[in-house]
Amino acid sequence: MMRMAEVKQVSKNFGARQNLVRALNNISFKIERGEFVGVMGPSGAGKTTLLNVMSTIDQPTMGRIYLAGQEITTLPERDLAEFRRNNIGFIFQDFNLLPALSVRENLVMILSMLRLPADQVEQRLAYFSERLNLAELMSRYPNELSMGQKQRVAAARALMTRPQIVFADEPTGSLDSKSATELLQYLATINLEDETTIMMVTHDAFTASYCNRIIFIKDGALYAEVVRSGSRRQFFHQIIDMQAAIGGGNLSDFKNRL
Ligand SMILES: Nc1ncnc2c1ncn2[C@@H]1O[C@H](COP(=O)(O)OP(=O)(O)OP(=O)(O)O)[C@@H](O)[C@H]1O
């Protein structure tokens, strides 16, 4: 297997002196090509920070990060923009759809940056429109979409460029359970069929059970890993058990208030 990502002794601090927050504390791990990795842990553990530094949105305070064999922590901004465009897909909570453009135009704009021939643009639009059930939404504008519909458009936009790695932050957070399951099945399919590597932050054990491996972080450091070996149902229960062990989740928040 080829290495898709490597995080080497990465730390990220916010603020200074008495306001210093160590969001990531000397964390190291690897992701192989084709893995579907979940990131879980209590609120404030550093999950989003980890996703941001790995996806080139933010810079670590210390340490090195490699994506697809390229060290991204030393790339100048100009090269980073191109690296991002060619290699990375983002499915984030604020959908970043351009309000003045229709859904179709939002999607075409992403593809036009890849300078694909027109027939391939149409082909990909058709493929993703069908996969993510967007046909009826194509001529609408973002403010005419529900949260779940926006999330589907955002997912299509992230996947259309056929990135090597997709970073997703709570990608099913705004979806009803049927749409959430569909999106997860779709992510699992492109992970299997296209060997797209996926790294996904989630609080939800059901969502996480679609991954092959879960990295649990606590206080900015690696706490444990759970690798799927049996059925998704068994994996789901392993994830629940680890969530209980790590604490600080919703359940313990609830208990603390009793
Ligand atoms: N821009 C920032 N400035 C200051 N502190 C920050 C900033 N971003 C994050 N932090 C702090 O860093 C720590 C890690 O935050 P992060 O958002 O990565 O956690 P998380 O695990 O994603 O949490 P949640 O599950 O609640 O979304 C927290 O203590 C947070 O308050």
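## Starting point

Helices and strands here are DSSP runs, with a helix (H or I) needing at least four residues and a strand (E) at least two, numbered from the N terminus. With that in hand, Thr-56 can be placed in the loop between H1 and strand S4 (62–67). Please keep in mind that this is a predicted model.

## Around the ligand

Let's begin with the ligand. The residues around the ligand are Phe-14, Gly-15, Val-21, Ala-23, Gly-41, Ser-43, Gly-44, Ala-45, Gly-46, Lys-47, Thr-48 and Thr-49. Two elements, strand S2 (21–32) and helix H1 (47–54), give two or more residues each to this shell. H1 supplies the largest share, three residues. Sorted by class, the shell has four nonpolar, seven polar and one charged residues.

## Helix H1 and the turn after it

H1 is mostly covered, with seven of its eight residues buried. Those buried residues are Lys-47, Thr-49, Leu-50, Leu-51, Asn-52, Val-53 and Met-54. Met-54 touches Ala-5, Val-7, Ile-65, Phe-167 and Met-199, when residues up to four places away in sequence are not counted.

Just after H1 comes Thr-56, with a positive phi of about 70 degrees. That is a positive value in a residue other than glycine. Thr-56 counts as buried because 21 C-beta neighbours lie inside 10 Å, and the cut-off for buried is 20 or more.

Arg-17 also has a positive phi in a residue other than glycine, near 50 degrees. Arg-17 lies in the loop between strand S1 (3–14) and S2. Arg-17 has 5 C-beta neighbours inside 10 Å and therefore counts as exposed, the cut-off for exposed being 12 or fewer.

## The nonpolar core

The largest nonpolar core has 59 residues, and the members that touch the most others are Val-39, Met-54, Ala-156, Phe-167 and Met-199. Helix H5 (residues 147–160) gives the largest share of this core, seven residues. As a general point, nonpolar side chains in soluble globular proteins tend to be buried together.

## Leu-183 in helix H6

Leu-183 is found in helix H6 (residues 177–193). Its 24 C-beta neighbours inside 10 Å are why Leu-183 counts as buried. Leaving aside neighbours within four places in sequence, Leu-183 is in contact with Arg-152, Ala-155, Pro-171, Thr-172 and Leu-175. From Leu-183 to Gln-234 there are 51 residues in sequence and 21 Å in space, C-alpha to C-alpha.

## Helix H8 and its two sides

Helix H8 (residues 232–246) has 15 residues, so at 1.5 Å a residue it should span 21 Å, and its end C-alpha atoms are indeed 21 Å apart. The expected span uses one less than the number of residues.

The buried residues of H8 are Phe-235, Ile-239 and Gln-243. Seen down the axis of H8, these buried residues fall within an arc of 80 degrees, so they line one face of the helix. An α-helix has 3.6 residues a turn, so residues three or four places apart point the same way. Among what covers the buried residues of H8 are strand S3 (36–40), helix H7 (205–208), strand S9 (213–218) and strand S10 (221–227).

On the face of H8 turned away from its buried side sit the exposed residues Arg-233, Gln-234, Asp-241, Ala-244 and Ala-245. Just after H8, Gly-247 takes a positive phi of about 70 degrees.

Definitions and conventions
Residues numbered from 1 in each chain as written. Arc of directions from axis to C-beta. Contact = placed C-beta atoms within 7 Å. Near = placed C-beta within 6 Å. Nonpolar A, V, L, I, M, F, W, Y, C, P; charged D, E, K, R; others polar. Core = buried A, V, L, I, M, F, W, Y, C linked by C-beta atoms within 7 Å.
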